[in-house]
Amino acid sequence: MVKLNPNWELKNSCNHEQVVFLVTVAVCTVVILALWRTILLRPFKLVTVFLHEASHAIACKLTCGHVEGIQVHADEGGTTQTRGGIYWLILPAGYLGSSFWGMVLILASTNLLTARIAAGCFVAALLIVLCVAKNWTLRGLCIGFVLFLGVVWILQETTKIRILRYIILFIGVMNSLFSVYDIYDDLISRRVHSSDAEKFAEVCPCPCNGVGWGVIWGLISLVFLCGAMYIGLVILS
């Protein structure tokens, strides 16, 4: 019987795998910030929007609602048409869900097996959403990333170009950073009145406006990101 003893205190850490993990996250962050307003990062931003909208759809289905369609737009916006379900759970699921998936992908990148599982699940999700996509931007995104991950997987298994873990990590870091930025941009700095937080403030009985919920959701997203970093180090210790 194998006993697992997680090193939660990170005692005697800083092994090679942990250093590579931290350096890779740092490099991903620098690259993302450097290329933030370039077209090179657009597909990965749209993937974050996809995960945002998919999280709305998942919350809808989990609360017995019906998803009528999902759209992702080239301007990095998106919509999910739902009917039924618990509205006050569906609304925050977008921002918090995309942060959560970012955390999951970062953790999945710590091991090749979990990276393969994450890539497989991601491809399956893209294919499912392709069936309910309502515009060609989302259809193209789904097809493009299925092909992209397929090529990365083939390279991983048949050549010495083994980058699957790093691609999953990059998507996870991108998703975490973009979700925090999106919350700040939509809910705090510009205060978009049609945002999920403003709608949530209208249906939630708590005395908190959209900006307040934006701050709360932003802090939760940062907790997801920091939690992913800490648990990743524990896994690799």
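Q: Where does Cys-64 lie, and what is notable about its phi?
A: In this predicted model, Cys-64 sits in the loop that joins helix 2 to strand 1 (66-72). As a general idea, most residues other than glycine have a negative phi. Cys-64 departs from that pattern, for its phi is positive, about 65°, although it is not a glycine.

Q: Which other residue has a positive phi although it is not a glycine, and where does that residue lie?
A: Glu-76 has a positive phi of about 75°, and it is not a glycine either. The place of Glu-76 is the loop between strand 1 and strand 2 (78-83).

Q: How do I read the accessibility of these two loop residues, Cys-64 and Glu-76?
A: The relative accessible area is sorted by cut-offs: under 20% is buried, over 50% is exposed, and what falls in between is partly exposed. Cys-64 has a relative accessible area of 73%, and therefore counts as exposed, whereas Glu-76, with 24%, is partly exposed.

Q: How many residues does helix 4 have, and what does it reach from its first C-alpha to its last?
A: Helix 4 (residues 112-132) has 21 residues and spans 31 Å between its first and last C-alpha, which is close to the 30 Å expected at 1.5 Å a residue.

Q: Which residues of helix 4 are buried, and why do they line one face of the helix?
A: An α-helix has 3.6 residues a turn, so residues three or four places apart point the same way. In helix 4 the buried residues are Ala-115, Ala-118, Ala-119, Phe-122, Val-123, Leu-126 and Val-129. Seen down the axis of helix 4, these buried residues fall within an arc of 135°, so they line one face of the helix. On the face turned away from that buried side, helix 4 carries the exposed residues Leu-113, Ile-128 and Cys-131.

Q: How do helix 2 and helix 4 cross, and which residues make the contact?
A: One looks at the axes of the two helices and at the angle between them. The axes of helix 2 (residues 42-62) and helix 4 come within 12 Å and cross at roughly 75°, which means that helix 2 is roughly perpendicular to helix 4. On the side of helix 2 the contact is made by Val-47, Phe-50 and Leu-51, and on the side of helix 4 by Phe-122, Ala-125, Leu-126 and Val-129. Sorted by kind, the residues of this contact are seven nonpolar, no polar and no charged.

Q: What does Ile-90 touch beyond its neighbours in sequence, and is it buried or exposed?
A: To read such a case, one sets aside the residues within four places in sequence and asks what remains in contact. Ile-90 belongs to helix 3 (residues 87-108) and counts as buried, because its relative accessibility is 4%. With those neighbours left aside, Ile-90 is in contact with His-56, Ala-59, Cys-60, Thr-63, Thr-82, Gly-84 and Gly-85. The C-alpha atoms of Ile-90 and Ala-57 are separated by 7.7 Å, although these residues are 33 residues apart along the chain.

Q: Which residues does Ser-99 touch?
A: Ser-99, which also lies in helix 3, touches Asn-175, Ser-176, Ser-179, Ser-221 and Phe-224, again not counting residues up to four places away in sequence. Its relative accessibility is 2%, so Ser-99 counts as buried.

Key. Residues numbered from 1 in each chain as written. Predicted model: local features only at pLDDT ≥ 70, side-chain atom pairs only at ≥ 80, totals over all residues. Heavy atoms only, no water. Axes fitted to C-alpha atoms, helices over the stretch in contact; angles between N-to-C directions. Parallel < 35°, antiparallel > 145°, perpendicular 65-115°, else oblique. Contact = heavy atoms within 4.5 Å. Nonpolar A, V, L, I, M, F, W, Y, C, P; charged D, E, K, R; others polar. Expected span 1.5 Å × (residues − 1). Buried < 20%, exposed > 50% of the residue type's maximum accessible area, 1.4 Å probe, protein only. Arc of directions from axis to C-beta.
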